[in-house]
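Biologist: I am new to this model. Please walk me through one part of it closely, starting from the overall layout.

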Amino acid sequence: TVTVFHEGAAHEFRLPDLRAGAADDGGSGNQITAPMTGTIKAVDASAGAVVSEGDTLIVMEAMKMEHSLTAPRDGAVAEVTCSPGDQVEEGAVLVALEDQDA
């Protein structure tokens, strides 16, 4: 955690653990989540769209950097819960994929 003091106010930021994993996919399984608080810059997914593992679904800006959130697996998009310009909190579900049939 980093605390920045500016004009009498304290602003606390939690930095990502770069050792936790090399991929910035923002999720696993059926959900793509925001890895940190930020702003949605682009949404390249829509409900019903078929996606492949690694396809960029969301581009978000956080800490003055762009983060591409990718599909964790092949599948179909069930729901997109954000739009460009939205402010999202860490952990917010941005895209849900349809359940895989067993």
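Biologist: In what order do the elements of the chain run from the N terminus on? Then take me to the largest nonpolar core: which of its residues touch the most other members?

Modeller: Keep in mind that this is a predicted model. From the N terminus on, the elements run β-β-β-β-β-β-β-β-β-β-β. That gives 11 strands and 0 helices. The chain has 102 residues, and 29% of them are buried. Its accessible surface comes to about 6,500 Å². Carbon and sulfur atoms hold 47% of that surface. Now look at contacts between residues with a separation of 6 or more: 55% of them join residues 24 or more positions apart.

Now the core. The largest nonpolar core has 18 residues. Ile40, Leu57, Ile58, Met60, Leu94 and Val95 touch the most other members. Strands S7 and S11 (93-97) each supply at least two residues of this core. S7 gives the largest share, 4 residues.

Start with Leu94. This residue sits in strand S11. Its relative accessible area is 1%, under the 20% cut-off, so Leu94 is buried. Leave out residues up to four places away in sequence, and Leu94 still touches Ile32, Thr33, Ala34, Ile40, Ile58, Leu69, Glu79, Val80, Thr81, Cys82 and Val88. Take Thr81 from that list. Leu94 and Thr81 are 13 residues apart in sequence, yet their C-alpha atoms are 5.1 Å apart in space.

Go on to Ile40, one of the residues that Leu94 touches. Set aside its neighbours within four places in sequence. Ile40 is then in contact with Ile58, Val59, Met60, Cys82, Ser83, Pro84, Gly85, Asp86, Val88 and Leu94. Two of these names, Ile58 and Met60, also stand among the core residues that touch the most other members.

Next comes Val43, in strand S5 (residues 38-43). Is Val43 buried or partly exposed? Its relative accessible area is 24%, and buried means under 20%, so Val43 counts as partly exposed. Beyond four places in sequence, Val43 touches Leu57, Ile58, Val80, Cys82, Ser83 and Pro84. Leu57 and Ile58 are core members. From Val43 to Val59 is 16 residues in sequence and 6.5 Å in space, C-alpha to C-alpha.

For contrast, try Val50. This residue lies in strand S6 (residues 50-51). Its relative accessible area is 72%, over the 50% cut-off, so Val50 is exposed. Once residues up to four places away are left out, Val50 touches Gly75 and Ala76. The C-alpha atoms of Val50 and Leu97 are separated by 9.4 Å, with their positions 47 residues apart along the chain.

Strand S7 also leads to the second largest pocket. About 250 Å³ of space lies in this pocket. Strand S2 (9-13) and strand S7 (56-62) each supply at least two residues of its lining. The lining consists of Glu12, Phe13, Arg14, Met36, Thr37, Gly38, Glu61, Ala62, Met63 and Glu90. By class, that is 4 nonpolar, 2 polar and 4 charged residues.

One lining residue deserves a second look: Met63. Met63 lies in the loop between S7 and strand S8 (65-70). Most residues other than glycine have a negative phi. The phi of Met63 is near 55°, a positive value. At 39% relative accessibility, Met63 falls between the 20% and 50% cut-offs, so it counts as partly exposed.

Glu7 has a positive phi as well, near 50°. Its place is in the loop between strand S1 (2-6) and S2. What is the relative accessibility of Glu7? The value is 74%, over 50%, so Glu7 counts as exposed.

Return to the core to finish. Leu94 is buried, at 1% relative accessible area. Val43 touches core members Leu57 and Ile58 but is itself partly exposed. Val50 is exposed. Strand S7 gives this core its largest share, 4 residues, and also helps line the second largest pocket.

Notes
Residues are numbered from 1 along each chain as its sequence is written. This is a predicted model: local features need pLDDT of at least 70, side-chain atom pairs count only at pLDDT 80 or more; totals for chains, interfaces and linings use all residues. Side-chain values use heavy atoms; hydrogens and water are left out. Buried means under 20% relative accessible area, exposed over 50%, partly exposed in between (1.4 Å probe, protein chains only). Contact means heavy atoms within 4.5 Å. Accessible areas come from the Shrake-Rupley method with a 1.4 Å probe; for residues, only the protein chains shown count as cover. On a 1 Å grid over the protein atoms alone, a cavity is a set of points where a 1.4 Å probe fits but cannot get out, and a pocket is an open set with protein on both sides within 12 Å along at least five of seven lines; lining residues have an atom within 4 Å of a point. Grid points are joined across faces, edges and corners, and a volume is the space filled by probe spheres set on the points. Ala, Val, Leu, Ile, Met, Phe, Trp, Tyr, Cys and Pro count as nonpolar, Asp, Glu, Lys and Arg as charged, and the others, Gly among them, as polar. A nonpolar core is a set of buried Ala, Val, Leu, Ile, Met, Phe, Trp, Tyr and Cys residues joined through side-chain atoms within 4.5 Å.
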